[in-house]
Amino acid sequence: MLDVNFIRQNQALVEKSTREKGYDVNISDLLDLDDKRKSLLQSVDELRRQRNEIASRMKGGKPSAELIAEGKAIKDQLAAKEPELSKIESELNTLLKSVPNIIFDDVPLGGEEANLEIKTWGEKKKSGVDHLDYAVSRGWVDFERGAKVAGAKFYYLKDGLALLENALLQFGIKKVTEHGFHFMTVPDMVSSRVLEGCGFNPRSSAQSDEYFIEGEDLAMIATAEMPLTGFHMDEIIDEKDLPLCYAGYSACFRKEAGTYGKYTRGLFRVHQFNKLEMYVFCLPEKSQEMHEQLLAIEEEILQDLGVPYHIISNAAGDLGAPAAKKYDIEYWSPVNQKYQEITSCSNCTDFQARSLNIRVRRQDGTVEVLHTLNGTAIPLARALVVMIENFAELDGKLHVPEVLRPYLGGVSEL
RNA sequence: GGAAGCGUGGCCGAGUGGUUGAAGGCGCACGACUCGAAAUCGUGUAUGCAGCAAUGUAUCGGAGGUUCGAAUCCUCUCGCUUCCGCCA
């Protein structure tokens, strides 16, 4: 969430950003509510002051009937005001949570159609192999039994694809640890506080994409970003320990309701997949630089694998609430003859960190909210799609990129 | 899942319901001493909110309650530890 004082001082900017992102929040109402909160808080604080004063005058132990009566009167007044205050505070909080992060100046304005291509790499192939047909023909994937056991869009991987997934993961782990990230496994469920603090829609929202556990305050994670953000919540981190870079490996669960019409065939869009995710906690003034580094690592991975791609800078309407700026990398699908999303990385600035109370203590002792960023290292299921489309031969073998061979016993094809 | 115990500041650890935001220690920062360092001594050392500030207020896992007054009493809840049960 944003800081209410920041909103007050930058009302026009926040309103513009909110509008560009396609959100509808009445900032004036929010500030009015904050005014109400402040004045009520002042009168409550004054009553509390009087209460404390009276209590301290009675420390001797002599029960003065007069003082007790005075104390009782204040108690009654407080009882009338305090519930009102907490009601306003919680309303204000709800409103604050609905304001999306402000966008950086260089973010293209508009919806998805305004996404800006900023780089292309590699040679687009003219044709490729449909990953699902290929994988089924080789007995490497089984959606039918997945559906039998868990429902549509669940699947089993077997033999070649399962091994290839493992090789991709090993390669990814090597990459990110070489770049200084701590490899981690994480809880696959998080509490609602973490979920919402990361900027995801709450259980009550119709747009929520998560699976929630009935009767418990838990959701299956949609990305390791969730438990990684929560890792440091309610902590104050010494400046000298930043940046903190983590790479979390986890299963990811997504309902993906309402995605018909988008590309959903086979492994491209499923309810459960594994992913290696990079996550960074850093100083505010370093986050833009870190964002470029995350993007560079994502590029490096695709280049090492030999996958053609382009980078887009996402337009305001395609950013989501927490991001101030986001890059998507889309690989070239030789099958569909278009670019399709493979990774993304976001600079969430202080948006998530403020919600989850993650701060830095500077050398000079001052404390402030730090910045967080996230980026996909390797989305395993989609990476398998990419591998088949680019490196399989129709009715033939799958050519294994050189960098993966060490993790497949040295073979050059599967 | 059942039972018991415990949850206090960066850490350890006090705390008969009434100046306790909280003793003491450790750690850390600065200063003194020193050629320098160690040791020693001195000073300082939580966070949020409101306020230009002085200052006020809140926070002793969390939420409620009792009371003129709660870290301290009660209820619920979460977490940790130990014992029992159970299972990979």
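Which residue in S12 stands opposite Asp328? The legends below take up this and other close-up views of a predicted model.

**View 1. Strands S11 and S12 form an antiparallel pair.** Strand S11 covers residues 325–333, and nine bridges join this strand to S12. Within the pair, the residue of S12 that faces Asp328 is Ser344. The two strands form a hairpin with four residues between them, and in this hairpin Gln337 adopts a positive phi near 55°. Strand S12 itself comprises residues 338–347 and is mostly covered, with eight of its ten residues buried.

**View 2. Strand S12 also pairs with S15.** The sense of this pairing is antiparallel, and three bridges make it up. Asn347 has Leu373 of S15 as its bridge partner. In general, strands of a sheet pair through backbone hydrogen bonds, in either the parallel or the antiparallel sense.

**View 3. Eight strands make up an open sheet.** The pairing in this sheet is mixed, and the strands follow the order S1-S10-S11-S12-S15-S9-S8-S4. At the edges stand strand S1 (116–121) and strand S4 (182–185), each of which pairs on one side only. From one strand to the next, the twist averages 25°.

**View 4. Edge strand S1 pairs with strand S10.** Strand S10 spans residues 309–313, and five bridges link S1 and S10 in the antiparallel sense. Here Glu117 is found opposite Ile312 of S10.

**View 5. Helix H7 packs on the sheet.** This helix, formed by residues 159–178, touches four strands: S4, S8 (244–253), S9 (272–282) and S15 (371–379). The direction of helix H7 makes an angle of about 5° with that of S9.

**View 6. The largest nonpolar core contains 62 residues.** Those with the most contacts inside this core are Leu161, Leu164, Leu168, Phe181, Met387 and Leu404. Helix H12 (residues 380–391) supplies the largest share of the core, namely nine residues. As a general tendency, nonpolar side chains in soluble globular proteins are buried together.

**View 7. Leu168 touches a group of residues from elsewhere in the sequence.** When residues up to four places away in sequence are not counted, Leu168 is in contact with Leu305, Ile378, Leu380, Ala383, Leu384, Met387 and Leu404. A second core of 25 residues is separate from the largest one, and includes Ile221, Ile237, Leu244 and Val360.

Terms used. Residues numbered from 1 in each chain as written. Chains lettered and ligands numbered in written order. Predicted model: local features only at pLDDT ≥ 70, side-chain atom pairs only at ≥ 80, totals over all residues. Heavy atoms only, no water. Core = buried A, V, L, I, M, F, W, Y, C linked by side-chain atoms within 4.5 Å. Buried < 20%, exposed > 50% of the residue type's maximum accessible area, 1.4 Å probe, protein only. Contact = heavy atoms within 4.5 Å. Pairing = 2+ DSSP bridges. Axes fitted to C-alpha atoms, helices over the stretch in contact; angles between N-to-C directions.
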